[in-house]
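Let's take a quick tour of this one, stopping at a single residue, a helix and the ligand site. Have the model open as you read.

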Amino acid sequence: MIETQIEITRMGLEGQGVGYDLEGNIYFVPGALVGDKVKVKTKEERKKYRDAEIVELVEPTGKRIEPVCKYFQKCGGCDWLQWDYQAQLAAKEEIVKHILERGELRPVELLPIQKAEQNLFYRNRIQVRQLGKTVGFFKKKTHELVDIEECKVAAPGINEEIQKIRSENLGTSNEVTKIELYLGRDGKVHRFDNVAHSFSGFAQIHSGQNEVLRSRVAQIMREKKAKKVLELYCGDGNLTYAYLASVEKAWGIDASQSAIESARIQRTEEHESKAVFFADKVDHNLLRRLPQEIRDYDTLVLDPPRQGMLDCLPRFLHNQLKTILYISCSPVTFTQDVQCLKKDFILQTVEPIDMFPHTRHVELIATWVRR
Ligand SMILES: C[S@@+](CC[C@H](N)C(=O)[O-])C[C@H]1O[C@@H](n2cnc3c(N)ncnc32)[C@H](O)[C@@H]1O
């Protein structure tokens with residue numbers, strides 16, 4: 001197989017380095033970083049690009065660092081621990097820019113990424129696997145279990161719990177147990193063994209960056225003078241309660257009954273008439289199932305799961321709608337969902353947030369206003 005030398009000029013959506021040879025062929029190279037000069041070997045020739053692997057790191061970028069984690073590249077968790085944090089942030093900004101350009105979205109303002117003050121020991125939720133005496137994570141794209149003593153991105157309380165699990169008498173069963181660990185708002189670590197679905201619904205995994213997200217959403221809602229708000233995918237009201245003080249009314253919808261119950265529990269007397277939560281699925285017919293009074297909202301807040309809104313967004317657009325805030329953990333599905341907004345709305349700002357340091361993932365807030 002022919003070996004080619006290339007320079008990595010950007011990062012791909014799966015966290016791989018991307019570079020071009022002199023004929024303009026594109027190479028996707030796992031483990032390579034922007035600025036690396038690498039000798040690569042093509043593993044698979046695809047229609048528009050080549051999947052390749054590093055044969056030699058000819059000249060590494062000066063932004064490479066010693067990974068703080070000894071399991072890096074054995075365990076499938078982090079993508080970029082061998083890369084200086086500032087360089088990761090720059091790469092995420094470039095990724096967002098690239099995705100927006102590909103989707104022909106030109107925000108009036110693309111703001112710099114909000115970096116995480118805490119980029120290690122931040123995760124408040126993690127799933128470990130246990131098989132006999134081995135406790136850890138699966139290797140990337142395999143079911144091979146990597147034994148770990150400490151996870152450098154998990155919160156300290158979660159690491160303590162991992163130690164406890166390791167010290168248990170685990171027996172010799174051949175069954176892999178899935179253990180979900182969640183550091184709750186009560187400061188306690190909750191443990192759930194072999195539950196089919198996440199036990200407590202969705203929660204943002206970086207508590208510090210969640211506060212950044214909440215305060216930006218609240219600020220945008222004030223600036224846009226949002227009054228009547230329909231919030232789809234509201235979860236337990238994490239964002240709703242951030243902006244509620246400045247609006248007249250908020251209707252929150254989420255498919256998870258337990259998340260809606262937990263949103264309702266947080267209502268104080270003062271909230272009672274302001275925030276109304278419904279457990280229902282967002283689909284093409286949702287508005288018909290909701291009370292008539294909801295239909296004159298002036299602001300729409302959206303925070304869908306990774307797969308996005310699956311063509312439902314046009315059903316929620318109407319003439320009184322002035323502002324749309326779309327919070328996305330998948331910029332690719334975001335660009336697909338919002339194509340229907342281009343005609344009547346302007347994409348005013350896109351603000352990336354580093355919710356998931358040392359991984360390729362990036363969160364963003366996009367604000368659309370009526371033309
Ligand atoms: C990214 S989370 C956002 C939750 C919340 N905004 C927060 O900040 O914690 C996505 C939410 O969408 C909900 N969900 C997933 N599919 C849904 C659907 N088809 N209809 C309504 N809610 C859905 C999940 O239960 C989850 O709470």
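## Met11 and its surroundings

Where is the place of Met11? Met11 sits in strand E1, in what is a predicted model. Met11 counts as buried because 26 C-beta neighbours lie inside 10 Å of it, and the cut-off for buried is 20 or more.

Which residues does Met11 touch, once you leave aside neighbours within four places in sequence? Its contacts are Gly17, Val18, Val34, Ala91, Glu94 and Ile95. Ala32 is worth a look too: it is 21 residues from Met11 along the chain, and the two C-alpha atoms are separated by 8.7 Å.

## Helix H1

Helix H1 takes in residues 85-102. Its 18 residues should span 26 Å at 1.5 Å a residue, and the end C-alpha atoms are indeed 26 Å apart, so the expected and modelled lengths agree. Just after H1 comes Glu104, with a positive phi near 50°.

Several H1 residues are buried: Gln88, Leu89, Ala91, Lys92, Ile95, Val96 and Leu100. An α-helix has 3.6 residues a turn, so residues three or four places apart point the same way. What do the buried residues of H1 pack against? Their partners are strand E1 (3-11), helix H8 (331-337), strand E17 (345-353) and strand E18 (363-370).

## Around the ligand

Over at the ligand, there are 18 residues around it, and the ones that come nearest are Tyr233, Gly235, Asn238, Ala255 and Val282. By type, the shell breaks down into 10 nonpolar, five polar and three charged residues.

Definitions and conventions
Residues numbered from 1 in each chain as written. Predicted model: local features only at pLDDT ≥ 70, side-chain atom pairs only at ≥ 80, totals over all residues. Helix = DSSP H or I, 4+ residues; strand = E, 2+ residues; numbered from the N terminus. Expected span 1.5 Å × (residues − 1). Buried ≥ 20, exposed ≤ 12 C-beta atoms within 10 Å, placed from the backbone. Contact = placed C-beta atoms within 7 Å. Near = placed C-beta within 6 Å. Nonpolar A, V, L, I, M, F, W, Y, C, P; charged D, E, K, R; others polar.
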